[in-house]
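Me: I would like a close look at one part of this model, namely the packing of helices where the two chains meet, with enough of the surroundings to place it. Please take it slowly and keep to what can be computed from the coordinates.

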Amino acid sequence: MRTETDRARFEAVYTDTYDQILGYAVRRCERPEDAADVVAETYAIAWRRLDRLPEGDEARLWLYGVARNVLANHRRGRLRRERVAELTAEIADVYAGTSGGDGVEFRDIARAFRELSDGDRELLSLVAWEGLDHAQLAKVLDISRNAVRIRLHRARRRFAKALARGGVTVNHVVMESL
Amino acid sequence: MSIDKLARVRDEDLRGAASGAGARALLNAVVAEEPAPERRRPRRVVRWVAVAAVATAVAVAAPIVIGHEPTSYANSAMEIVREGDHWVGRITDPYANPERFAEVFRAVGLDVRLELAPSSPRSIGRVFQTGGAHTPEGGFTYVGTDPENCDALEPGCAMVVKLPVDTSGRFFVKMGRPAKPGEDYQDHADATRKGGQLEGLRVDEKTVGEVLPEIRGRGLEVVFQIIDPNPDGDGFGVDPGKQSTPVGDHWIVWDAEEARKGAVRLLVSEHRLDKNPVYGGPKPQDSGD
């Protein structure tokens with residue numbers, strides 16, 4: 001049985017972490033419905049596993065780890081929950097308010113980034129988008145700090161190569177006007 | 001090599017999102033669930049997955065109503081025909097407005113955005129960018145040309161795209177097409193490769209002054225791209241604002257790309273570094289594809 005204390009504690013974590021977990025999902029899902037599913041399932045799991053939910057900032061890291069698994073299941077088509085319509089609508093507004101990047105350089109970086117394996121991409125995203133450091137990455141991914149260091153180094157190398165292959169470049173108009 | 005700008009949204013932009021009506025509705029829906037007692041959890045999860053799998057199967061099956069959708073469509077840009085488990089599109093006009101391709105895909109129930117970008121000869125008919133959600137396992141398949149291995153510049157040779165029939169959701173594909181005269185290539189191909197405009201010439205790690213005579217001797221025009229190598233020598237950035245800086249003969253060339261027919265682009269920096277920042281080390285001399 002969940003008590004009022006459980007509920008209050010969950011609500012506090014929810015309020016503290018919601019924008020970050022939402023951001024995590026929005027940055028990785030092409031469609032608002034998918035982001036809504038990931039956010040909803042992540043918190044549903046957190047509520048079911050309240051006994052495992054750590055305190056403080058650790059809660060956020062733990063939730064990233066859950067969201068990461070949820071996202072993987074979602075991509076495999078294994079996730080289907082009843083949707084909270086209001087939530088989907090609210091997240092759709094977030095998408096509507098964003099403008100896709102433009103420019104040759106943006107597209108080239110985006111392409112090189114997409115060429116990476118899911119693992120490399122996620123690692124680099126957690127650093128660049130969620131701002132995680134080695135210790136935090138180790139918690140989210142449940143691996144040692146040393147493993148984080150090595151994987152990150154390799155991911156960065158591969159990204160640099162992908163960029164080089166595609167040629168991260170400047171706006172052609174600027175270049176041609178030399 | 002900054003990827004922060006690839007983020008659709010930043011956390012700071014979402015501050016306070018937890019107080020939105022949707023976020024509150026989710027919170028209420030979640031805490032309304034009474035979790036199963038601890039020891040039963042594994043079974044509960046298994047059952048839930050089974051139910052979800054059935055639900056997914058039903059949902060996926062529903063839109064595929066064979067016999068109700070057309071099995072072919074064509075306009076002046078492309079024709080598409082269903083062949084077994086795949087849609088096969090033959091591009092009849094590589095210079096067509098992308099909307100014309102979209103119209104063909106739409107006619108058979110696909111939401112595909114196909115863009116053909118001018119490219120160096122070796123990238124014609126090659127996919128250089130794809131994206132989108134809900135592509136099936138294996139995703140988009142490019143099968144080359146029809147007839148096979150023909151020259152896309154020749155009449156009677158069509159570029160072909162192939163997609164599994166169960167492709168769903170929006171999908172984006174960018175592939176190379178022949179460039180019109182004077183049009184810039186978008187594929188950043190290595191110009192020193194076999195078949196390239198600088199075939200047989202090594203430019204990496206040489207100075208601008210060393211390579212220019214040879215390049216100009218081939219009757220080629222040169223454009224420079226000034227790069228900002230990362231401090232660790234692994235990767236680089238490009239500052240559009242710095243591109244008009246005059247490039248001296250002592251500058252270092254790190255790579256050469258096809259810019260357009262008759263022109264190559266040299267990636268340069270003013271100072272020599274221990275590592276080639278384009279490759280994070282020596283440029284592989286056998287770079288293949």
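What percentage of the 289 residues of chain B count as buried? And, from there, which helices of chain A do the buried residues of H1(B) pack against?

Reply: Since the model is a predicted one, everything below is a statement about computed coordinates. To take the opening question, 45% of the 289 residues of chain B count as buried. The secondary structure of that chain consists of four helices and 13 strands, and among its contacts between residues at least 6 apart in sequence, 61% join residues at least 24 apart.

Chain A has 178 residues, of which 52% count as buried. Its secondary structure comes to nine helices and zero strands, so that reading along the sequence gives the pattern α-α-α-α-α-α-α-α-α. Of the contacts in chain A with a separation of 6 or more, residues 24 or more positions apart account for 72%.

Now to the part you asked about. Helix H1 of chain B spans residues 21-31, and within this helix Gly22(B), Ala23(B), Ala25(B), Leu26(B), Leu27(B), Val30(B) and Val31(B) are buried. The partners of these buried residues lie in chain A: they pack against helix H1 (4-28), helix H2 (32-48) and helix H4 (85-96) of that chain.

Of these partners, H2(A) can be described in some detail. Two packed helices are described by the angle between their axes and the distance between the axes. The axes of H2(A) and H1(B) come within 9 Å and cross at roughly 40°, which makes H2(A) oblique to H1(B). The crossing of these two helices, H2(A) and H1(B), is right-handed. On the side of H2(A), the contact is made by Val39(A), Ala40(A), Tyr43(A), Ala44(A) and Trp47(A), while H1(B) contributes Leu26(B), Val30(B) and Val31(B). Those three residues of H1(B) are also among the buried residues of that helix.

H2(A) also packs within its own chain, against helix H3 (residues 57-75) of chain A, where the axes come within 9 Å and cross at roughly 130°. The two helices H2(A) and H3(A) are therefore oblique to each other, and their crossing is right-handed. Here H2(A) uses Asp34(A), Asp37(A), Val38(A), Glu41(A), Thr42(A), Tyr43(A), Ile45(A) and Ala46(A), whereas H3(A) uses Trp62(A), Leu63(A), Val66(A), Ala67(A), Val70(A), Leu71(A) and His74(A). Tyr43(A) thus takes part in the contact with H1(B) and in the contact with H3(A).

Tyr43(A) appears once more in the nonpolar interior. The largest nonpolar core has 69 residues, and Tyr43(A), together with Phe10(A), Tyr18(A) and Phe159(A), touches the most other members. From each of domain 1 (1-98) and domain 2 (100-178) of chain A, this core draws at least three residues. A second, separate core has 21 residues, including Leu110(B), Leu114(B), Met159(B) and Val173(B). As general background, in soluble globular proteins nonpolar side chains tend to be buried together.

A few single residues fill in the surroundings. Ala128(A) belongs to helix H6 (residues 118-128) of chain A and, at 28% relative accessibility, counts as partly exposed. Leaving aside its neighbours within four places in sequence, Ala128(A) is in contact with Ile3(B) and Asp4(B), which adds another place where a residue of chain A touches chain B.

Gln136(A), in helix H7 (residues 134-141) of chain A, counts as buried because its relative accessibility is 16%, the cut-off for that class being under 20%. When residues up to four places away in sequence are not counted, Gln136(A) touches Asp57(A), Arg60(A), Leu61(A) and Gly131(A).

Two backbone details may also be worth checking in the coordinates. Asp142(A), although not a glycine, has a positive phi of about 60°; this residue sits in the loop between H7 and helix H8 (145-166) of chain A and, at 70% relative accessibility, counts as exposed. In chain B, Glu205(B) likewise is a residue other than glycine with a positive phi, near 70°. The place of Glu205(B) is in the loop between strand E8 (170-178) and helix H4 (208-217) of chain B, and with a relative accessible area of 26% Glu205(B) is partly exposed.

Methods. Residues are numbered from 1 along each chain as its sequence is written. Chains are lettered from A and ligands numbered from 1 in the order in which they are written. This is a predicted model: local features need pLDDT of at least 70, side-chain atom pairs count only at pLDDT 80 or more; totals for chains, interfaces and linings use all residues. Side-chain values use heavy atoms; hydrogens and water are left out. A nonpolar core is a set of buried Ala, Val, Leu, Ile, Met, Phe, Trp, Tyr and Cys residues joined through side-chain atoms within 4.5 Å. Buried means under 20% relative accessible area, exposed over 50%, partly exposed in between (1.4 Å probe, protein chains only). Domain bounds come from an automatic or database domain assignment. Contact means heavy atoms within 4.5 Å. Axes are lines fitted to C-alpha atoms, for helices over the stretch in contact, and angles run from 0 to 180 degrees between N-to-C directions. Angles under 35 degrees count as roughly parallel, over 145 as roughly antiparallel, 65 to 115 as roughly perpendicular and the rest as oblique. A crossing is left-handed if the near helix is turned anticlockwise from the far one by less than a right angle, and right-handed if clockwise.
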